[in-house]
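Student: I should be grateful for a close look at a single residue and its surroundings, followed by an account of the bound ligand and of other selected positions.

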Amino acid sequence: MAQNRVGVIGFPVEHSLSPIMHNAAFEALQMRDWHYDAMSIPPDILRLGLREPKNHGYIGINVTVPHKEAIMEFVRPDDRARAIGAVNTVDFRSNIGTNTDADGLIGDLHAHQIPLSGERVLVLGAGGASRAAVYGLSREGARIAIVNRTKSRAYGLVEQLKISAGVEGLDVLTLDEAADWGMSLIVNCTSVGLHPHINQTPWIHGLPFPDGVTVYDMVYRPANTALMQQCLAHGGRAIGGLGMLTRQGAIAFELWTGVEPPLDVMYGALQTALETSE
Ligand code: NAP
């Protein structure tokens, strides 16, 4: 059995692609004493459930739905996790919880050479992923507006990030208003368009789509979402969320192991897993 164990907790967690991504990296680097697995922990026993990996000597864990916010009570959230209001990675050696989603997104936008400083960026959604995106984008100097189906939730996000991270100057718009806002980048942080609802888009059909913008869609299943297709049809550039998924995992990998992660191997493993599941 591997001596160094890491994993992901969630409920349900069987769908998680993280074991495939991390174990592919361990294999490529011949880190044979490392292994990553998935643990299903129901929300009502999270505190007790956390004892399992701790008692079994796990180095750390990733945290997915629905535990990202609740786990903050049981670990020591760092500044970033506090600012975003969610933890997706824990190091049990220090019991520090952090959040790698913002850096995963910003890292992938940089890798695609998308300008952010001074740019108008429209963020669709106001859930956990959106909070991470707005936090990361604000630190890059972007001017940000948020559109969410439930407008009150968008105002809640604005208020929370103001208090937790001192983020100022966020706008909340309707989709109608956003169409004329003049953004260069749209980041989809909603779950709209996710498999199996592949024909759905957060940009309502019939509302004119802005020409020549870049869309970054956090949704990565399917690889080419309906929103991305709308963007491409209007002369824009469209990027799916697989790179962000890879990078948020790679940051956790390096935190636990101290080893530089093989990004291409991790990305390739995810891509193969998605292709074979479709
Ligand atoms: P969440 O907290 O549940 O938020 C979901 C968001 O989607 C909310 O803003 C919600 O609006 C909106 N939404 C859901 N159904 C909608 C509909 N039919 N029409 C309009 N808006 C709708 O989820 P999350 O954790 O932020 O994750 C959001 C998405 O990002 C998921 O698909 C997740 O897989 C993806 N994600 C990807 C990565 C990556 O690495 N690529 C990382 C994190 C998350 P309301 O507030 O009105 O309900």
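Tutor: In this predicted model, Asn-62 counts as buried because its relative accessibility is 5%, and the cut-off for that class is under 20%. Asn-62 belongs to strand S3, which covers residues 60–63. Two polar contacts made by the side chain of Asn-62 may be examined in turn. One joins it to the side chain of Tyr-36 at 2.7 Å. Another joins the side chain of Asn-62 to that of Thr-89 at 3.2 Å. Both Tyr-36 and Thr-89 also appear among the residues that Asn-62 touches when those up to four places away in sequence are not counted. That list further includes Gly-7, Val-8, Ile-9, His-22 and Asn-88, together with Ala-252 and Trp-256.

Helix H9 spans residues 242–257, and Glu-254 lies in this helix. Glu-254 is partly exposed, because its relative accessibility is 39% and that class lies between 20% and 50%. With neighbours within four places in sequence left aside, Glu-254 is in contact with Val-259, Glu-260 and Pro-261.

The ligand may be considered next. The ligand occupies the largest pocket. Helix H5 (128–139) and helix H9 are the elements that give two or more residues to the shell around the ligand. Of the 19 residues around the ligand, those that come nearest are Ala-129, Asn-148, Arg-149, Thr-150 and Arg-153. Backbone atoms also approach the ligand. A polar backbone atom of Ala-126 is 2.9 Å from an oxygen atom of the ligand, and a polar backbone atom of Gly-128 is 3.2 Å from an oxygen atom of the ligand. For Met-218, a backbone N or O atom lies 3.0 Å from a nitrogen atom of the ligand. Taken alone, the ligand exposes 930 Å², of which the protein buries 74%.

A further position to examine is Pro-210, located in the loop between strand S10 (185–188) and strand S11 (214–217). Pro-210 is buried, since its relative accessible area is 14% and the limit for burial is under 20%. Leaving out residues up to four places away in sequence, Pro-210 touches Met-183, Ile-186, Trp-203 and His-234. Cys-189 is 21 residues from Pro-210 in sequence, and their C-alpha atoms are 18 Å apart in space.

Technical notes
Residues are numbered from 1 along each chain as its sequence is written. This is a predicted model: local features need pLDDT of at least 70, side-chain atom pairs count only at pLDDT 80 or more; totals for chains, interfaces and linings use all residues. Side-chain values use heavy atoms; hydrogens and water are left out. Helices (H or I, at least four residues) and strands (E, at least two) are DSSP runs, numbered from the N terminus. Buried means under 20% relative accessible area, exposed over 50%, partly exposed in between (1.4 Å probe, protein chains only). Contact means heavy atoms within 4.5 Å. A residue is near a molecule or strand if one of its heavy atoms lies within 4 Å of it. A polar contact is a pair of N or O atoms within 3.5 Å; within protein, one must be able to donate a hydrogen and the other to accept it, and residues adjacent in sequence count only if both atoms are side-chain atoms. Accessible areas come from the Shrake-Rupley method with a 1.4 Å probe; for residues, only the protein chains shown count as cover. On a 1 Å grid over the protein atoms alone, a cavity is a set of points where a 1.4 Å probe fits but cannot get out, and a pocket is an open set with protein on both sides within 12 Å along at least five of seven lines; lining residues have an atom within 4 Å of a point. A molecule sits in a cavity or pocket if more than half of its atoms lie within 2 Å of its grid points.
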